[in-house]
Amino acid sequence: MTALKMITLDCAEVPPLTKFWSALLGWQVLAEGEGYAMLGDGSGPALGLGAVPGYQPPGWPNENGSKQFHLDLASEDIAADEQRALALGATLADPQPGDTWRVLLDPAGHPFCLTDAANWG
């Protein structure tokens, strides 16, 4: 059997993303070193961050075909979580594709969505 243990995001600089994602998700830094970090809460897959020379952020919207995935985050209060993410260094994506979620970009330009937790069961 195969199990997903970590999703890793490429970036130019690891420390700003470590600070952003650990604060936004409330996760601990499980490991870090030169050019990498791993975050988690011990209950499921981890989030890895890895420095890549020449990193270029994915496009939003996906006009240049560079976006290959994004993270969907379940939120109890989308407006409050949006404001917290913005205060931590995220930016609001433009355009917004709908009214039932908010698309933001982390400090390295990775898109992620804040979605209604009630929709996830």
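I'm calling a residue buried when its relative accessible area is under 20%, exposed when over 50%, and partly exposed in between. At 18% relative accessibility, Asp 81 therefore goes down as buried. I'm working from a predicted model, so every entry here describes a prediction.

**Asp 81 and its partner**

I started with Asp 81, which sits in helix α2. Leaving out residues up to four places away in sequence, I found it touching Leu 24, Ser 75, Glu 76 and Leu 114. Next I looked for a charged partner. Arg 84 makes a salt bridge with Asp 81, with 3.6 Å between the closest N and O atoms. Both residues belong to helix α2 (residues 78-88), and they are three residues apart, about one turn of the helix. Buried or exposed, what is Arg 84? Neither: its relative accessibility is 35%, so I put it down as partly exposed.

**The other salt bridge**

My count of salt bridges came to two. In the one still to be noted, the side chains of Arg 102 and Glu 82 meet at 3.0 Å, N to O. Arg 102 is in strand β7 (residues 101-105) and Glu 82 is in helix α2, so this pair ties together parts that are 20 residues apart in sequence. I checked how covered each end is. Glu 82 has a relative accessible area of 10%, so it is buried. Arg 102 comes out at 24%, so it is partly exposed. A general reminder to myself: side chains of opposite charge can pair when their charged atoms come close.

**The nonpolar core**

I then pulled up the largest nonpolar core, which has 20 residues. Trp 21, Leu 24, Leu 49, Leu 73 and Phe 112 have the most contacts inside it. Which elements give two or more residues to this core? I listed β1 (6-11), α1 (14-25), β3 (36-40), β4, β5 and β8 (111-116). The largest share, five residues, comes from α1. Domain 1 (1-54) and domain 2 (56-120) both give residues to the core, so I have it lying between them. Another general note: in soluble globular proteins, nonpolar side chains tend to be buried together.

I followed up on Leu 24. Not counting residues up to four places away in sequence, it touches Leu 73, Asp 81, Arg 84, Ala 85, Leu 88 and Phe 112. That list includes Asp 81 and Arg 84, the two partners of the 3.6 Å salt bridge.

**The two domains**

The protein is split into domain 1 (1-54) and domain 2 (56-120). I took their centres over C-alpha atoms and got a separation of 17 Å. Where they meet, twelve residues of domain 1 are in contact with 15 residues of domain 2.

**On the surface**

What makes up the nonpolar surface patch of about 280 Å²? I found Leu 4, Ile 7 and Phe 69. Phe 69 is in the loop between β4 (46-51) and β5 (71-75). Its relative accessibility is 42%, so Phe 69 counts as partly exposed.

Last stop was Lys 19, in helix α1. With a relative accessible area of 65%, Lys 19 is exposed. I also checked it against Tyr 55: the two are 36 residues apart in sequence, and their C-alpha atoms are 19 Å apart in space.

Conventions
Residues are numbered from 1 along each chain as its sequence is written. This is a predicted model: local features need pLDDT of at least 70, side-chain atom pairs count only at pLDDT 80 or more; totals for chains, interfaces and linings use all residues. Side-chain values use heavy atoms; hydrogens and water are left out. Patches are made of residues with over 30% relative accessible area and no salt bridge: like charges are joined within 9 Å, nonpolar side chains (Val, Leu, Ile, Met, Phe, Trp, Tyr) within 5 Å. Accessible areas come from the Shrake-Rupley method with a 1.4 Å probe; for residues, only the protein chains shown count as cover. A salt bridge is a side-chain nitrogen of Lys or Arg within 4 Å of a carboxyl oxygen of Asp or Glu. Helices (H or I, at least four residues) and strands (E, at least two) are DSSP runs, numbered from the N terminus. Buried means under 20% relative accessible area, exposed over 50%, partly exposed in between (1.4 Å probe, protein chains only). A nonpolar core is a set of buried Ala, Val, Leu, Ile, Met, Phe, Trp, Tyr and Cys residues joined through side-chain atoms within 4.5 Å. Domain bounds come from an automatic or database domain assignment. Contact means heavy atoms within 4.5 Å.
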